[in-house]
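Trainee: Got a minute to go through this one with me?
Mentor: Yes, put it up.

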Amino acid sequence: MRIGELAKAANCTVETIRYYEQQSLLPEPYRTQNNYRVYNKDHLDRLKFIRNCRNLDMAHDEIRELLKLANNADENCTAVANLLEQHIQHVNQRLKELQELQQQLLDLHNRCQGNRPASHCNIVQELTEMDIPANSHKTHLG
């Protein structure tokens, strides 16, 4: 099948397929003399696997490791379970950070004093004065 057919079968975009090829998650397809990409069921299965992993918020490195484990006949399923356990720990950490973020946003929201001009809004003032490190999800409201 061609790339458009693969995209349709996997319910994704052509750009997604090309991106996964560039990231070495999806093996390069056979190319015809006209340089058309030709995909097979193995590509579709791999693409579905990748998309399911991404839907579970797995990083590309985690997916690569899972693929490496799955392709190693000598590997034990315990290694796969261990990798999943590590991902669960990352999710738990992110949940904790999101709960902290939620509380910070609620605290900020509670600073609103109602019917005031936006230029004098306590929320706007606090957002202007807060010192949030770059790429930090953790803020400290004073």
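**Glu21 and the overall chain**

Mentor: To start with one pair, the side chains of Glu21 and Arg37 are joined by a polar contact of 3.3 Å. Bear in mind that this is a predicted model.

Trainee: Where is Glu21 found?
Mentor: Glu21 is in helix α2, which covers residues 14-22.

Trainee: Is Glu21 buried or exposed?
Mentor: Buried, because its relative accessible area is 10% and the cut-off for buried is under 20%.

Trainee: Which residues does Glu21 touch, leaving out those up to four places away in sequence?
Mentor: Leu26, Pro27, Pro29, Arg37 and Tyr39. Arg37 is also the partner in the 3.3 Å polar contact.

Trainee: Switching to the whole chain, how many helices and strands are there?
Mentor: Six helices and two strands. The order from the N terminus is α-α-β-β-α-α-α-α.

Trainee: What is the radius of gyration?
Mentor: The protein chain has 23 Å, whereas a compact globule of 142 residues would have a value near 14 Å. Along the principal axes, the C-alpha trace spans about 65 × 40 × 25 Å.

Trainee: And how many of the residues count as buried, as a percentage?
Mentor: 24% of the 142 residues. The accessible surface is about 10,400 Å², with 49% of that belonging to carbon and sulfur atoms.

Trainee: What about charges, how many positive and negative side chains?
Mentor: There are 17 positive and 19 negative side chains, and the centres of the two sets are 7 Å apart.

Notes: Residues numbered from 1 in each chain as written. Predicted model: local features only at pLDDT ≥ 70, side-chain atom pairs only at ≥ 80, totals over all residues. Heavy atoms only, no water. Helix = DSSP H or I, 4+ residues; strand = E, 2+ residues; numbered from the N terminus. Buried < 20%, exposed > 50% of the residue type's maximum accessible area, 1.4 Å probe, protein only. Polar contact = N/O pair within 3.5 Å; in protein donor to acceptor, adjacent residues only side chain to side chain. Contact = heavy atoms within 4.5 Å. Rg over C-alpha atoms; globule rule 2.2 N^0.38 Å. Areas by Shrake-Rupley, 256 points an atom, 1.4 Å probe, with all protein chains shown as cover. Lys, Arg positive; Asp, Glu negative; His and termini not counted. Charge placed at Lys NZ, Arg CZ, Asp CG, Glu CD.
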